[in-house]
Amino acid sequence: MNRADSTEESKEEIDTSALKKLVLNLKEKCLEIIEMLYFKGYTQTEASQELDIPLGTVKTRNRSCISQLRKNVTLEWK
C-alpha cells in the first residue's frame, strides 16, 4: 500500500465515523428504519412486514428520517 492509498483509506474511515455519529443521533424510530433500509438491505416492503407497520408509514418515516439526516449533515459541516 502506498502513501496515497493510506491517506484515502484514512479519509474513508473519518467519513464513516462521522456518518455513524450523525445516524446515531437520530430518534430510535429513524435509526431503526435507516438501519434496515440502508445498512441491512431490506426493501421498504420487507421493513414494513418485519416491523408490522403499513408500507406508507415506512415510506413516510424513511423520507422524514433522511430529511432529518440531511439537516444534521448541514449543521455538522457548516
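This is a short talk on the fold, the disulfide and a few surface features of one chain.

Let me say at the outset that what we are looking at is a predicted model, and that the values I quote are computed from its atoms. The chain has four helices and zero strands, so that, read from the N terminus on, its elements run α-α-α-α. Of the 78 residues in the chain, buried residues make up 24%. If we take the contacts between residues at least 6 apart in sequence, 47% of them join residues that are at least 24 apart. As for the surface, the chain exposes about 6000 Å², and carbon and sulfur atoms supply 50% of that area.

I would like to spend some time on helix H2, which covers residues 28-39 and in which Cys30, Leu31, Ile33, Ile34, Met36 and Leu37 are buried. As background to that pattern, an α-helix has 3.6 residues a turn, so residues three or four places apart point the same way.

Where does the disulfide of this structure sit, and which parts of the chain does the pair link? The structure holds one disulfide, formed by Cys30 and Cys65, with their sulfur atoms 2.1 Å apart. The pair links distant parts of the chain, since Cys30 belongs to helix H2 while Cys65 belongs to helix H4, residues 55-76, and the two cysteines are 35 residues apart. The torsion about the S-S bond of Cys30 and Cys65 is about -80°, and the disulfide is therefore left-handed. Both partners are covered: Cys30 counts as buried because its relative accessibility is 11%, and Cys65 is buried because its relative accessible area is 0%.

Staying with helix H2 but turning to its exposed side, Phe39 lies in this helix and, at 52% relative accessibility, counts as exposed, because the cut-off for that class is over 50%. Together with Leu19 and Tyr38, Phe39 forms a nonpolar patch on the surface, and the three residues have about 330 Å² of accessible area together.

The count of salt bridges comes to one, and this is the pair of Lys40 and Glu35, whose closest N and O atoms are 3.6 Å apart. The two residues fall into separate accessibility classes, because Lys40 at 53% counts as exposed, whereas Glu35 at 34% counts as partly exposed. In the backbone just after H2, Gly41 takes a positive phi of about 80°.

Which residue has a positive phi although it is not a glycine? That residue is Asp52, with a phi of about 55°. For context, most residues other than glycine have a negative phi. Asp52 is placed in the loop between helix H3, residues 44-51, and H4, and because its relative accessibility is 69%, Asp52 counts as exposed.

Finally, a word on Thr57, which is placed in helix H4 and counts as partly exposed because its relative accessibility is 29%. Thr57 and Gln44 are 13 residues apart in sequence, and their C-alpha atoms are 9.7 Å apart in space.

To draw this together, the predicted model shows a chain of four helices and zero strands, with a disulfide that joins Cys30 in helix H2 to Cys65 in helix H4, and with a nonpolar surface patch formed by Leu19, Tyr38 and Phe39.

Note on methods
Residues numbered from 1 in each chain as written. Predicted model: local features only at pLDDT ≥ 70, side-chain atom pairs only at ≥ 80, totals over all residues. Heavy atoms only, no water. Buried < 20%, exposed > 50% of the residue type's maximum accessible area, 1.4 Å probe, protein only. Disulfide = S-S within 2.5 Å. Patch = residues over 30% accessible without salt bridge, like charges linked within 9 Å, V, L, I, M, F, W, Y side chains within 5 Å. Areas by Shrake-Rupley, 256 points an atom, 1.4 Å probe, with all protein chains shown as cover. Salt bridge = Lys/Arg side-chain N within 4 Å of Asp/Glu carboxyl O. Contact = heavy atoms within 4.5 Å.
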